Each structure stands twice: as C-alpha cells, then as structure tokens.
Amino acid sequence: MAENYPTLLVVACALVDADRRVLIAQRPENKNMGGLWEFPGGKVEQAESPETALIRELKEELDIETREACLAPLTFASFSYEKFHLLMPLYVCRKWQGTPQALEHTALKWVRPQRLRDYPMPPADEPLVAHLCDLL
Ligand SMILES: Nc1nc2c([nH]c(=O)n2[C@H]2C[C@H](O)[C@@H](COP(=O)(O)OP(=O)(O)OP(=O)(O)O)O2)c(=O)[nH]1
C-alpha cells in the first residue's frame with residue numbers, strides 16, 4: 001500500500017432525530033466527489049480537537065449549535081483515496097439547537113438508516129452505514 005501521501009483527518013457527524021432518521025448532505029457538483037451524499041463535517045484544523053472542529057463545522061455548514069457532551073463517538077472510516085488517506089471519526093449527535101440549513105451543500109435529507117444505501121456516498125462512508133443500522 002502506498003504511504004507517501006498525507007493522512008487527512010476529517011471529522012463527521014450523524015445527526016439523529018426523534019424518528020431515528022439520519023441527516024445526510026449532498027456535496028456541491030463543483031467539488032471533489034460532487035453530487036455524493038455525506039455526513040456533515042470537515043477537516044480538523046491544526047490545534048483543534050476533533051470535537052471542536054465538528055462543533056465549528058456544524059455551525060458553518062448547517063447553522064446548528066451543539067456541545068461536546070452531545071457528541072458520542074460511533075466508529076471511524078479509514079480509506080485510501082488517490083491523493084490522500086482519509087481518517088474520519090464518525091460521531092452521533094441527538095441534541096442540538098436550531099434547524100439544519102444547507103449553507104454549504106446542495107441539499108439535506110433526513111433518511112432512515114436502512115435507506116441510506118439508496119443514496120450514493122463516498123466510498124469511505126459505505127462501511128459506516130452498517131454501524132448506524134446496528135445502532136438505530
Ligand atoms: N464531511 C465529510 N467528508 C467526507 C465524508 N466522506 C468522505 O470521503 N469525505 C471526504 C470528502 C473530502 O475529501 C473530505 C472532507 O473535506 P472538506 O469537506 O473539509 O473539504 P471539501 O473537499 O468539501 O472542500 P474544501 O473545503 O477542501 O474546499 O473528506 C463524509 O461523510 N463527510
């Protein structure tokens with residue numbers, strides 16, 4: 001396995017509502033993997049903890065607020081893309097303030113875990129769906 005490229009730390013979140021549906025967000029067409037559905041989140045910046053980064057990304061992307069105590073680690077993705085290796089912890093969050101808005105995505109959708117496979121996701125995300133189905 002090639003190891004001469006960077007490992008990128010990206011943090012992501014499955015927001016779960018009272019009906020046990022999960023929020024997914026569609027990546028803009030002009031981006032890498034455009035049109036695919038992902039879990040909200042983004043890159044962890046230097047000197048940020050994963051939880052701080054996730055709280056910041058949820059505010060920037062969805063205009064919602066949450067706290068570290070409301071973020072429960074579920075699993076992680078470790079996947080080799082062509083130009084980087086993605087390491088992506090996935091948290092579950094059931095408590096937040098505000099109504100998610102698609103500030104940086106094309107669309108948002110609340111989906112039952114068993115229906116997540118109907119939505120094309122980045123290849124790194126595919127193994128995560130089974131964990132959500134088990135949890136929910
Ligand atoms: N947020 C998120 N990113 C994911 C998921 N699955 C997956 O492979 N990724 C990848 C896509 C991107 O290459 C990277 C996330 O980086 P990002 O969201 O901060 O950056 P981006 O590519 O959208 O764009 P930019 O900020 O670099 O302009 O992780 C996922 O479920 N959620």
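**A tour of two sheets and a ligand shell**

Begin by selecting Leu-23 and Trp-110: Trp-110, in strand E7, is the bridge partner of Leu-23. Strands (E, at least two residues) and helices (H or I, at least four) are DSSP runs, numbered from the N terminus. Residues are numbered from 1 along each chain as its sequence is written. You are looking at a predicted model, where local features need pLDDT of at least 70, side-chain atom pairs count only at pLDDT 80 or more, and totals for chains, interfaces and linings use all residues.

Now widen the selection to strand E2 (residues 22-26), which pairs with E7 in the antiparallel sense over 5 bridges; two strands pair if DSSP finds at least two bridges between them. Add E3 to see an open sheet of 3 strands, ordered E3-E2-E7 with antiparallel pairing. E3 (37-38) and E7 (107-111) stand at the edges with a single partner strand each, so one side of each is left without a neighbour in the sheet.

Next, show the other sheet: 4 strands in the order E4-E1-E6-E5, open and with mixed pairing. Here E1 and E6 (residues 85-93) run parallel over 7 bridges. Pick Cys-13 and you will find Tyr-91 of E6 opposite.

Finally, select the ligand. Around the ligand are 14 residues, the closest being Glu-38, Phe-39, Gly-41, Gly-42 and Pro-122 (near means a C-beta atom, placed from the backbone, within 6 Å). Strands E1 (7-15) and E4 (41-43) are the elements that give two or more residues to this shell. Which element gives the most to the shell around the ligand? That is E4, with 3 residues.
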